[in-house]
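Good morning, everyone, and thank you for making the time. I would like to walk you slowly through one model, so please keep the sequence and the picture in view while I talk.

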Amino acid sequence: MNGIGAPINRTDAWAKVSGGAPYTAEHQVEGLTHAVLVTSTIASGRVLRIDDSAAREVPGLLLVMTPQNAMRLPKSTKDGKLQPPIGRRLTLLQEDEVYYNNQPIAVVVADTYEHAREAAARLRIEYERKDAVLDFDQAKKGKLHTPEKVLAEETDTRRGDLADGLLAAAVRIDETYTTPIENHNPLETHATIAEWDGDKLTIHESTQYMKGVQRIVANIFGIPPENVTAICPYTGGGFGSKGSIWSHGPLTAMAAKMLGRPVKLSLDRTQMFGPVGQRPNTEQRFRLGAKDDGSLLASAHDTVAYTSTIEDWIEPCGIMTRMMYESPNQETTHRLAPMNLGTPTFMRAPGEASGSFALESAMDELAYQLNMDPLALRLKNYTEKDPGKDLPWSSKSLRQCYEIGAERFGWKDRKPQPRSMQRGNQLVGWGMATATYPTNRSPGECSATLAADGTALFRSATQDLGTGTYTVMTQIAADAVGLPVSQVRFELGESTMPEAPVSGGSTTVASVGPAVQAAGHALRLKLAGLALADRASPLYGVTVEKIGFENGELYLLDAPSKREAMREIVARHGAPVEVTAKAEPGDEKKKYSMHAFGAVFVEVTVDEDLGEIRVPRVVGVYGVGKLMNEKTGYSQLMGGIVWGIGLALLEETVIDKRNGRAVNGNLAEYHVPVNADIQAIDVQIVDEDDPHVNPLGAKGIGEIGITGVGAAIANAVYHATGKRVRDLPVTLDKLL
Ligand code: MOS
């Protein structure tokens, strides 16, 4: 078996380890010139002058593109400011305003990267400085924005009567949890190569959204989408950052247009901290009220996050609170405090990663107050339907996740009191939390062609961020058409291919997978149609329901020895057999609430004298529907847990309150987990059959792995030390 579920190696593994998988900046283009992005060093004000006289002395300099000389773009909004679709407000040198530090203010192009860099360093930039809001506490005191929506959900929700519920409660919690700004650090930074041919643009862009690049860039230049070809066969990680189109891409295309030559621009690591989105810091007030037996009577989750001064973007922290536990009286709110920082954006499990830290920490605090086991408290408030949407779950295996996780971890041996488990001078702590992520789906399309040699080519304009899209789509396609995986090729990464949505929100398998499957089914049906109408075929004259498909052959179900190879049918047909198919969600979202669920159990050790925190083991058990590949799937969930350890203990972007610059905007000082930080991670999957989510029964797995981990670790640290840290990351200074 090598189709759906099989733990096969990545189909692109060999290309990746042998240098045959080019990332955006590695594409070879004739006559290429090299650009460097110049960004602001102030947080608010205007660019008054850019003096390039010293830069002009650098040999090979081709262009210094500034707000003064940049090509004018068609204006697409009433107020005259550029407002591309999907909400990103870009800074494309059409104005001289500066809204945040590290904002693009110029592009320098030269014959080599070194010359461009040298010339960029020689620019003398004069600013008019304005007051900037750079302190979150100060920003919160200003006028808060109420975002229109929280993703597709309501900004605020209310059920029952919160005040009544809190009043009736025997035990109450009222605590505030804070999470820092975090930045995406895919190994491949954002990069663009732009090349014009008349009014046709080819743009290589490292992206999670091929079709988005095509449409948005076309919109920015006022040209038809079919004039733009976006290309990205390999994305070196994105994590949400590459789901939107940011300024550098269109700026590169502008420079290429002005020069009449192809231009390449790659962000440096420092430029990943500001102009391409980040996870906003949050302050989350949590109130819980429960009866003596642990049943929740009331819950309230109020989130304030920063946004930029140019755009509203909200971290949807409250969404998980609305659906996770029974709570008859509840309020959730989301507010925004504008600051002179780059606009925040989606970052792996936006909302659930940071929101679950607050919710699952508060539940842990409540458990201690009640003298109740933290797992028992969760089981006490287990939901058999979504209490926020008042809909049944499409499937929910959380009970099994808790059971299996507790068993594998050995949870029953936990001593309830903090500081009660020690090994030498190491305090040992055990903590747990619930994980969840919504299951969503968008329309997708796929084409399929069977060639005369019996191999099939499937194509869809989707993306592989390193997650395994190439591999799992090949598996889905092989099963659907009835071919071995070795006979199937799946191609992605070009906007000319059939429609596919953004690879975000853990939806690629759920959206593109069904289209691939439908294309496979359409292809085999077309082959059957050709065979049964052809006197030369052993299957001539039979009806299509009687035909089976396996291993590249069609055969009669009643008499399996009657069979014919697919390639014979194609050969007689005289041309490749082609189909396209589309798959889209129906009204299942109206009938069911759809989520993946999981349970995370964590052991930490805390050095009594030094406060050093280590994570010897994590057990994560998940109900994610059908897994497409047991190797890449487990790896992805494990990777999510690794990031959860980073979120809990390491990651934090520190903003200089004087100038709004990230002071640790590099991988030396912005800490992510390395091998030495990671010990045993035990990922388990619960068998789960969900007929409602999509034809594959697959819930997304890209994001659930990070959720719950932050709280499970903070809860374990409390159990180890008796110190409750409500401010991420949990660093040793907070324990001393
Ligand atoms: Mo994911 S944060 O939706 O790319």
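Let me begin with a definition: a charge is said to sit over a ring if NZ of Lys or CZ of Arg is within 6 Å of the ring centre and within 35 degrees of the ring normal. What we have here is a predicted model, and with that in mind we can look for such an arrangement. The charged end of lysine 257 sits over the ring of tryptophan 196, at 4.2 Å from the ring's centre. A further case is arginine 617, whose charged end sits over the ring of phenylalanine 409, 4.0 Å from the centre. Please remember Phe409, as this residue also belongs to a cluster in which ring pairs link it with Trp411, Trp430 and Phe601.

That brings me to the rings themselves. A pair of aromatic rings is described by how far apart the centres are and by the angle of the planes. How many aromatic pairs does the structure hold? There are 13 of them, and I have picked two. In one, tryptophan 313 and phenylalanine 346 meet edge-to-face, with 5.3 Å from centre to centre and 75 degrees between the planes. This pair links distant parts of the chain, with tryptophan 313 in the loop between β14 and α7, phenylalanine 346 in the loop between β15 and α8, and the two positions 33 residues apart. Tryptophan 313 counts as buried because its relative accessibility is 8%, whereas phenylalanine 346, with a relative accessible area of 34%, is partly exposed.

The other pair is made by tyrosine 382 and tyrosine 402, whose ring centres are 6.4 Å apart and whose planes lie at 65 degrees, so this pair is edge-to-face. Here too distant parts of the chain are linked, 20 residues apart: tyrosine 382 is in the loop between α9 and β16, and tyrosine 402 is in helix α10. Are these two tyrosines buried or exposed? Tyrosine 382 is buried at 10% relative accessibility, and tyrosine 402 is buried with a relative accessible area of 1%.

Let me turn to the spaces in the model. The second largest pocket holds about 410 Å³ of space. Its lining is made of 20 residues, and those closest to the centre are Phe136, Pro180, Asn281, Glu652 and Lys657. Which elements supply at least two residues each to this lining? They include α3, β8 and β13. By class, the lining of the second largest pocket divides into 9 nonpolar, 5 polar and 6 charged residues.

There are also 4 cavities of 30 Å³ or more, and the largest cavity holds about 90 Å³ of space. Among the 13 residues lining the largest cavity, Asn101, Asn102, Phe273, Gly660 and Ala662 lie nearest the centre. This lining has 5 nonpolar, 7 polar and 1 charged residues.

Next, I would like to visit two single residues. Valine 64 belongs to strand β3, and it counts as buried because its relative accessible area is 2%, where the cut-off is under 20%. If we set aside neighbours within four places in sequence, valine 64 is in contact with Asp52, Arg56, Asn69, Val107, Val108 and Leu123. Serine 511, in helix α12, is buried as well, at 0% relative accessibility. With sequence neighbours within four places again left aside, serine 511 is in contact with Arg441, Ser442, Gly444 and Pro501.

Finally, a few words on the backbone. Most residues other than glycine have a negative phi, and most peptide bonds are trans. Where, then, do we find a positive phi in a residue other than glycine? One of these places is leucine 151, with phi near 50 degrees, in the loop between α3 and β7. Leucine 151 is partly exposed, with a relative accessible area of 44%. Asparagine 551 also has a positive phi, of about 50 degrees, and it is located in the loop between β23 and β24. Asparagine 551 is exposed because its relative accessible area is 58%, and the cut-off for exposed is over 50%. As for peptide bonds, the one from leucine 728 to proline 729 is cis, with omega near -5 degrees, and proline 729 is found in the segment after α16.

Thank you for listening.

Definitions and conventions. Residues are numbered from 1 along each chain as its sequence is written. This is a predicted model: local features need pLDDT of at least 70, side-chain atom pairs count only at pLDDT 80 or more; totals for chains, interfaces and linings use all residues. Side-chain values use heavy atoms; hydrogens and water are left out. On a 1 Å grid over the protein atoms alone, a cavity is a set of points where a 1.4 Å probe fits but cannot get out, and a pocket is an open set with protein on both sides within 12 Å along at least five of seven lines; lining residues have an atom within 4 Å of a point. Grid points are joined across faces, edges and corners, and a volume is the space filled by probe spheres set on the points. Helices (H or I, at least four residues) and strands (E, at least two) are DSSP runs, numbered from the N terminus. Ala, Val, Leu, Ile, Met, Phe, Trp, Tyr, Cys and Pro count as nonpolar, Asp, Glu, Lys and Arg as charged, and the others, Gly among them, as polar. Buried means under 20% relative accessible area, exposed over 50%, partly exposed in between (1.4 Å probe, protein chains only). Contact means heavy atoms within 4.5 Å. Rings of Phe, Tyr and Trp (its six-membered ring) pair if their centres lie within 6.5 Å; planes under 30 degrees apart count as stacked, over 60 as edge-to-face and the rest as tilted.
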